[in-house]
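Got the model open in your viewer? Let's walk through it, one selection at a time.

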Amino acid sequence: MTIKNVTVAGGGVLGSQIAFQAAFTGFKVTLYDINDGAIDHAKQLLASYVPEFEDFYDDGDKASAVIDQMSFSTSLAEAVADADLVIEAIPESVKIKVDYYTELSKVAPAKTIFATNSSTFVPSQFVEYVDRPEKFLAIHFANQIWKNNNAEIMGHPGTEDKYLDEVVQFAKDIRMVPFRLYKEQHGYILNSLLVPLLDAAQKLWVNGVSDPETIDKSWMIATGAPQGPFAILDVVGLNTPYNLALAKADTDTQSAEIAKALKAMIDDGKTGAASGEGFYQYPNPAFADPDFLK
Ligand code: NAD
């Protein structure tokens, strides 16, 4: 089967980007969300990508027509009625995803491949709620999908290769660089590398071993990386590492210290690059200065 009709479930930050990217590259896209307010919000997000795509792609002039080519629905059954592939980008909650996969299994036609864009869960966690385990897998995108165009594709032990192949091809067709994992892994490739790096950097900081700028400089000089871990934390936004540290705070005193330090910054309005200040000040952060590494 060749994938033609794509439904995206959840039109928030990532779902709206996935839907826009797929529609821009010629797929017939339906966006499903829970109510009219959520659809209106998704449409606002979609509209904000038009200038981004116009700037980014040589054929970006097509972007202005994309939203009119898409369909929108608040009925899951209607949204997936002719879907070859459904990509789920709904909140990172086990309960919400379990309810969704239970319902999706009842209403989706037999041909539909089910994919999750979950960042922290793996398909095995939901497979018992899915009526077609062989057609269930993960495709994980990064925020600002058009620029950060990696797509990590990962099955669970019961996923059939041919569906992984089809989704790899789909990822190429929407201009991603696909990375197919050989086995299931929490955090895929990227976050399996990135999360421990960011964690280690924050521990060096809260333990008073060094300070954010010095830690970043050390990493940048030694590896040639364009940014250090604290610059990356600013891009991610400090709320995410704060919530991660808080979740481990009861059992790990260093995580509790990290949560405390990040909370003080967040309370001070320093939530990262999007707010204008985090570990660095924007729009001209010190690490981007050519003299930073001297
Ligand atoms: P978000 O909160 O911005 O959007 C979630 C959307 O899902 C909202 O539009 C909401 O109305 C909708 N929704 C809620 N319940 C629903 C349901 N039962 N059925 C359908 N839609 C429902 O979230 P997000 O940041 O886009 O994250 C969505 C998923 O994508 C998560 O699994 C997350 O781990 C993953 N993800 C996020 C990022 C990121 O940078 N934000 C990156 C990669 C993957």
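Start with the ligand and pull up its shell: 21 residues surround the ligand, and the closest are Val13, Leu14, Asp33, Glu92 and Lys97. A residue is counted as near when one of its heavy atoms lies within 4 Å of the molecule. Before going on, keep in mind that this is a predicted model, where local features need pLDDT of at least 70, side-chain atom pairs count only at pLDDT 80 or more, and totals for chains, interfaces and linings use all residues. Residues are numbered from 1 along each chain as its sequence is written, and side-chain values use heavy atoms, with hydrogens and water left out.

Now color the shell by class: you get 10 nonpolar, 8 polar and 3 charged residues. In this scheme Ala, Val, Leu, Ile, Met, Phe, Trp, Tyr, Cys and Pro are nonpolar, Asp, Glu, Lys and Arg are charged, and the others, Gly among them, are polar. Switch to cartoon and pick out helix 1 (13–24), helix 5 (94–107) and strand 6 (136–141), each of which gives the shell at least two residues. Helices (H or I, at least four residues) and strands (E, at least two) are DSSP runs, numbered from the N terminus.

Next, look at the ligand's oxygen atoms. Which residue has a polar side-chain atom 2.5 Å from one of them? That's glutamate 92. On aspartate 33, a side-chain N or O atom sits 2.6 Å from a ligand oxygen, while isoleucine 90 uses a backbone N or O atom, at 3.3 Å. Taken on its own, the ligand has 830 Å² of accessible area, and the protein covers 75% of that (Shrake-Rupley method, 1.4 Å probe; for residues, only the protein chains shown count as cover).

Stay with helix 1 and select serine 16. Is serine 16 buried or exposed? It counts as buried, because its relative accessibility is 0% (buried is under 20%, exposed over 50%, partly exposed in between, with a 1.4 Å probe and protein chains only). Its side chain makes a polar contact with the side chain of tyrosine 49, at 2.7 Å. A polar contact is a pair of N or O atoms within 3.5 Å; within protein, one must be able to donate a hydrogen and the other to accept it, and residues adjacent in sequence count only if both atoms are side-chain atoms. The backbone oxygen of glycine 12 also lies 2.7 Å from a polar side-chain atom of serine 16.

Last stop: leucine 85, in strand 4 (residues 85–88). Leucine 85 is buried, with 0% relative accessibility. Draw a C-alpha to C-alpha distance to lysine 95: 22 Å in space, for 10 residues in sequence.
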